[in-house]
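Please read this report with the sequence and the three-dimensional view side by side. It is written for someone who is meeting this structure for the first time.

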Amino acid sequence: MTGLRSLALALLAFAAACASPSGTAQLTGTVSYRERIALPEAALVRVTLLDVSLLDAPERVIAEQEIHPTAQVPIPFTLPFERAAIDPGRRYGLRASIADATGRVLWATAVAHPVLSGGAPAAVDLLVRRVGEGGEAAGPRLFAYACEGFAFRVELTQERALLFLPGRKVTLPHVQSASGAKYSDGDATFWSRGAEVSLRIGGAEYDGCRRQERPLP
């Protein structure tokens, strides 16, 4: 009997290892929208798993997947993540966006969809909403930038930029500009023009800031 129990335990351990190699797990689901509009050519779908536990800090990226769809919505996704990165006592959410070939976001989720903890599911259908042109505004987007000798995060909406700087946060309203997206309160200015980003704050000027692939720690 002991031998059979040991064999059963060994088989269960082997099955678990096969199902979850290197301690990974996955979220599955679809990304879709309500409008009867075809996806643009060379569209890019991005699905991001975030730690959304803190209300006074930016959402932390746990995992991200980029999809180049070959069919129309709904677009299926399978997002792998490290089990060790998940704390059952924290809150997690999924965001999704669809951009065109130039990187301009056309659809995005308005809020992060709860997953993993607190009884939330690991399989979800994400509904993205039209951005701009009279559509509903998308939820905030988090970016990280590295300048020469300086790094910061920024959370952007259509109305404001929330800068996460060393030891403080600064909120800047959106202002009109001849090009790009500009946010300024008169003293500080964050200006994004395609791949070129500049920051003016506290008498210091930072030019040539580059977006990072993952938010800075």
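The text below goes from the whole protein to its sheet, its cores, its disulfide and a few individual residues.

## Overall picture

The coordinates come from a predicted model, and every value that follows should be read with that in mind. The protein has one helix and 17 strands, and buried residues make up 38% of its 217 residues. Its exposed surface comes to about 12,600 Å², of which carbon and sulfur atoms supply 54%. When contacts between residues at least 6 apart in sequence are considered, 52% of them join residues that are at least 24 apart.

## The barrel and strand S12

Eight strands close into a barrel, following the order S10-S11-S12-S13-S14-S15-S16-S17 with antiparallel pairing. On average, and with direction ignored, neighbouring strands of this sheet are turned by 30° against each other.

Strand S12, which covers residues 160-165, serves here as an example of how a strand sits in this barrel. Five of its six residues are buried, so S12 is largely enclosed by the rest of the structure. On one pairing, S12 is joined by four bridges to strand S11 (residues 150-156), and the two strands run antiparallel. The bridge partner of Arg153 in S12 is Phe164, while Glu155 has Leu162 as its bridge partner in S12. The connection between S11 and S12 is a hairpin of three residues.

S12 also pairs with strand S13 (residues 168-175), again in an antiparallel manner, through six bridges. Ala161 finds its bridge partner in S13 at Leu172. The hairpin of S12 and S13 has two residues between the strands, and Gly167 in this hairpin takes a positive phi near 80°.

## Two nonpolar cores

The largest nonpolar core has 26 residues, and those with the most contacts inside it are Val31, Val47, Leu49, Phe77, Leu94 and Ile98. At least two residues of this core are supplied by each of S1 (24-32), S2, S3, S4 (75-82), S5 (92-99), S6 (105-108) and S8 (123-127). A second core, separate from this one, has 19 residues, including Leu156, Leu172, Ala188 and Ile201. Leu172, named above as the bridge partner of Ala161, is thus a residue of the second core.

## The disulfide

Which two cysteines are joined by a disulfide? The link runs from Cys147 to Cys209, with an S to S distance of 2.1 Å, and the count for the protein comes to one disulfide. Because Cys147 lies in strand S10 (residues 141-147) and Cys209 in strand S17 (residues 204-211), the pair ties together parts that are 62 residues apart in sequence. The link is right-handed, with 100° about the S-S bond. Cys147 is buried at a relative accessible area of 11%, and Cys209 is also counted as buried, at 0%.

## Loop residues

Several residues in loops deserve a separate look, and the table gathers their accessibility.

| Residue | Relative accessible area | Class |
|---|---|---|
| Asp187 | 70% | exposed |
| Leu54 | 49% | partly exposed |
| Ala42 | 53% | exposed |
| Leu116 | 25% | partly exposed |

Asp187 has its place in the loop between strand S14 (181-184) and strand S15 (189-193). Its C-alpha atom is separated by 9.6 Å from that of Leu172, which is 15 residues away along the chain. Leu54 is placed in the loop between strand S2 (44-51) and strand S3 (60-67), and from C-alpha to C-alpha it is 8.6 Å from Arg91, although the two are 37 residues apart in sequence.

The remaining entries concern the backbone. Most residues other than glycine have a negative phi, and most peptide bonds are trans. Ala42, in the loop between S1 and S2, has a positive phi near 60°. Leu116, found in the loop between strand S7 (113-115) and S8, likewise has a positive phi, of about 75°, although it is not a glycine. The peptide bond from Val73 to Pro74 is cis, with omega near 0°, and Pro74 belongs to the loop between S3 and S4.

Terms used. Residues are numbered from 1 along each chain as its sequence is written. This is a predicted model: local features need pLDDT of at least 70, side-chain atom pairs count only at pLDDT 80 or more; totals for chains, interfaces and linings use all residues. Side-chain values use heavy atoms; hydrogens and water are left out. Buried means under 20% relative accessible area, exposed over 50%, partly exposed in between (1.4 Å probe, protein chains only). Two strands pair if DSSP finds at least two bridges between them. Contact means heavy atoms within 4.5 Å. Accessible areas come from the Shrake-Rupley method with a 1.4 Å probe; for residues, only the protein chains shown count as cover. A disulfide is a pair of cysteine sulfur atoms within 2.5 Å. A nonpolar core is a set of buried Ala, Val, Leu, Ile, Met, Phe, Trp, Tyr and Cys residues joined through side-chain atoms within 4.5 Å. Axes are lines fitted to C-alpha atoms, for helices over the stretch in contact, and angles run from 0 to 180 degrees between N-to-C directions.
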